[in-house]
Amino acid sequence: MEIKGHAALAPMAGVTDPAFRELCVKFGASLVTCEMVSAKALTLGDKKSRRLMSLTDMERPAGIQIFGREPQAMAQSVEEAMRENPDFIDINMGCPARKVVNNGSGSALMKDPGLAREIIESVVKASPVPVTVKMRTGWDKSSVNAVEIARIAEDAGASAITVHGRTRDQMYAPGINTGEIARVRAAVSIPVIANGDVFDAQGAKELLEQTGCEFLAVGRGAMGNPWIFRQINAYLENGELIPPPGIEERMSVMAEHIKALCALKGEYVGMREARKHASWYIKGIRGAAALRRDIGNLSSLQDLELLVKKVLDSAESA
Ligand SMILES: Cc1cc2nc3c(=O)[nH]c(=O)nc-3n(C[C@H](O)[C@H](O)[C@H](O)COP(=O)(O)O)c2cc1C
């Protein structure tokens, strides 16, 4: 698998669908991963879960992320996932959502290293493509065990590990524990992808320097901001600080993104999902607050055209 650049797009449920992933690859994301998919649901033939893992040829290398707690179902789901021809399979050991951890999946697996090993071993055995593991630093501050789980993952045959530098208890705040990511980096020989709180190119460089990792993954920093990958690559490769795009490029990328969403999911669903993306794309621009109502009412591609026109007109008159 050829990996270009330095930053992957982190998987995000409700965000990293094919329309967004393709855009991120176009702007230089090293690799992308689909939204997490329930292994159990895949084995039961659930159509919605199958759709969640659909991959296109425009977004490579691309992985399918599965979550679950039954080694057998996890292994069986790989067979389903292979229909999409993924470049890798990622195991979710980091999701903090209550409905996932209450079921013993996601970051709850970090509390059970024996089961974590069994799951990784069975997925590796079932998978013809590399298997990666995405984790947090541990369950809570009294059980930080990313190094232990990373060693298990390496020993069980994983090809790379992503570490989000927070425990499950911390959810998304406060700041990340770069020291723990660095300890994982030092403890294993497989690639470690550092993750957490990268919102610009300088932040990416700092994270790599602080952790000793060669790669990082960007999640929230890419929302409404897919060009962050272009900025990170340029800064890491030749110290070039590319300014954020002007309003015209920003709006044309937003429109391209939303049109792709509609082509993928139909105009009704696409435009409803577009609302959150549009609010991220216009964050920080002049008059954003006044546009919030237009964004909340986006229902058709015609509404999208009107929104873009309004943004560009108000930028011109400013
Ligand atoms: C809306 C949202 C959805 C997420 N969904 C997933 C997911 O499906 N699988 C996963 O492993 N992590 C998921 N994450 C976690 C991110 O992949 C990432 O680890 C986390 O956001 C920290 O990185 P960041 O600070 O760059 O956002 C999600 C995060 C957000 C904000």
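## Working through the sheet strands and helix H4

The buried residues of helix H4 (71-81) pack against helix H2 (39-43), strand E4, strand E5 and helix H6 (113-126). Here, "buried" means that 20 or more other C-beta atoms, placed from the backbone, lie within 10 Å of a residue's own (12 or fewer is exposed, in between is partly exposed). Packing rests on contacts, meaning backbone-placed C-beta atoms within 7 Å.

You're looking at a predicted model, where local features need pLDDT of at least 70 and side-chain atom pairs count only at 80 or more, while totals for chains, interfaces and linings use all residues. Residue numbers start from 1 along each chain as its sequence is written.

**Exercise 1. Find out which residues of H4 are buried.**

Step 1: Go to H4, residues 71-81. Helices (H or I, at least four residues) and strands (E, at least two) are DSSP runs, numbered from the N terminus.

Step 2: Tick off the buried ones: Pro71, Met74, Ala75, Ser77, Val78, Glu80 and Ala81.

Step 3: Widen the view to the whole chain, where buried residues make up 47% of the 318 residues.

**Exercise 2. Work out how E5 sits between its neighbours E4 and E6.**

Step 1: Check how covered E5 is. Five of the six residues of this strand (88-93) are buried, so the rest of the structure largely encloses it.

Step 2: Look towards E4 (residues 62-67), which runs parallel to E5 and is joined to it by four bridges. Strands count as paired if DSSP finds at least two bridges between them. One place to see this is Ile66, whose bridge partner in E5 is Ile91.

Step 3: Trace the connection. From E4 the chain passes through H4 to reach E5, making a right-handed β-α-β crossover. Right-handed means that, with the strands pointing away from you, the path from the first strand over the helix to the second runs clockwise.

Step 4: Turn to E6 (residues 131-135), where E5 pairs in the parallel sense over five bridges. Asp90 has Thr132 as its bridge partner in E6.

**Exercise 3. Do the same for E7, starting with its two faces.**

Step 1: Count the buried residues of E7 (160-164): five of its five.

Step 2: Sort them by side. Ala160, Thr162 and His164 point one way, Ile161 and Val163 the other, and both faces are covered.

Step 3: Pair E7 with E6. The two run parallel and share four bridges, with Val133 standing opposite Ile161. The chain gets from E6 to E7 through helix H7 (residues 146-155), again as a right-handed crossover.

Step 4: Pair E7 with E8 (residues 192-195). There are four bridges here in the parallel sense, and His164 stands opposite Asn195. Helix H8 (residues 178-187) completes a right-handed β-α-β unit with E7 and E8.

**Exercise 4. Which residues does Ile120 touch, leaving out those up to four places away in sequence?**

Step 1: Find Ile120 and list its partners: Ile91, Val131, Val133, Ile152, Ala153, Ala156, Gly157 and Ala158.

Step 2: Spot familiar names. Ile91 is the E5 partner of Ile66, and Val133 faces Ile161 in E7.

**Exercise 5. Put the parts into the whole chain by counting its helices and strands.**

Step 1: The tally is 14 helices and nine strands.

Step 2: For overall dimensions, the C-alpha trace spans about 60 × 45 × 35 Å along its principal axes.

Step 3: Check the reach of the contacts. Of those between residues at least 6 apart in sequence, 68% join residues at least 24 apart.

Methods. Two residues are in contact if their C-beta atoms, placed from the backbone, lie within 7 Å.
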